[in-house]
Amino acid sequence: MQAPQKEGPRANRDIRGVREVQLIDDTGQNRGVVPFFDALNIAEEAGLDLVEIAPNSTPPVCKILDLGRFKFLEQKKQSEARKKQKTVEVKEVKLRPGIDEHDYETKMKAVRRFFEEGDKVKVTLRFRGREMAHQDIGYRLLVRVKTEMAEIAKVESEPMLEGRQMIMILAPRS
């Protein structure tokens with residue numbers, strides 16, 4: 001059975017199967033290719049750790065530094081990256097076949113704002129009662145939305161009928 005892998009880079013005596021390492025000391029100077037045990041001794045004399053920075057290169061690149069501080073800084077970088085990530089949400093805009101012009105313009109302003117924020121928009125057109133007999137009116141309305149938003153959005157899913165509503169999904173152009 002194999003031992004469980006530790007999180008993060010290998011350090012000190014966890015670095016195995018290596019005879020030589022490319023050593024970068026605590027001042028950032030490149031010391032060149034050094035035997036592994038010499039590098040470990042240099043790190044111990046400095047009261048620091050020998051940390052494997054690039055394990056896949058030959059020979060592996062190791063740096064002399066404080067492992068606790070290194071892990072802390074890596075964790076901090078990762079949390080900053082998570083903060084900057086934007087999750088794409090799907091916002092929904094509901095329309096009716098007989099929507100008034102002013103109401104339509106107001107809904108389109110909201111759609112533009114959603115695209116500026118980087119969100120996708122699901123346009124739902126709901127039919128009631130006898131409106132089902134005039135689905136072409138609803139389809140033309142969704143085509144109008146599609147053409148008006150063409151320069152800032154691309155169609156992710158074309159208008160399609162699901163029960164009593166017609167749905168179209170638009171995504172912002174990046």
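The buried residues of helix α1 pack against four strands, namely β1, β2, β3 (49-54) and β4 (61-65), and this packing is a good place to begin reading what is a predicted model. Helix α1 spans residues 36-45, and within it Phe36, Ala39, Leu40 and Ala43 are buried. Seen down the axis of the helix, these buried residues fall within an arc of 100°, so they line one face of α1. On the other side of the helix, by contrast, Phe37 and Glu45 are exposed. Just after α1 comes Gly47, which takes a positive phi of about 75°.

Two of the strands that α1 packs against, β1 and β2, lead to the next stop, since Asp25 lies in the loop between β1 (20-24) and β2 (30-35). Is Asp25 buried or exposed? Asp25 has a relative accessible area of 6%, and because buried means under 20%, this residue counts as buried. The side chain of Asp25 reaches the backbone nitrogen of Gln29 at 2.9 Å, and, when neighbours within four places in sequence are left aside, Asp25 is in contact with Arg31 and Ile64.

Further along the chain, helix α4 covers residues 135-148 and contains Lys146. The relative accessibility of Lys146 is 22%, so this residue counts as partly exposed, a label used for values between 20% and 50%. Not counting residues up to four places away in sequence, Lys146 touches Val155, Glu158 and Met168. Of these partners, Met168 is 22 residues from Lys146 along the chain, and the C-alpha atoms of the two are separated by 8.9 Å.

Key:
Residues are numbered from 1 along each chain as its sequence is written. This is a predicted model: local features need pLDDT of at least 70, side-chain atom pairs count only at pLDDT 80 or more; totals for chains, interfaces and linings use all residues. Side-chain values use heavy atoms; hydrogens and water are left out. Buried means under 20% relative accessible area, exposed over 50%, partly exposed in between (1.4 Å probe, protein chains only). A polar contact is a pair of N or O atoms within 3.5 Å; within protein, one must be able to donate a hydrogen and the other to accept it, and residues adjacent in sequence count only if both atoms are side-chain atoms. Contact means heavy atoms within 4.5 Å. The arc is that of the directions from the helix axis to the C-beta atoms.
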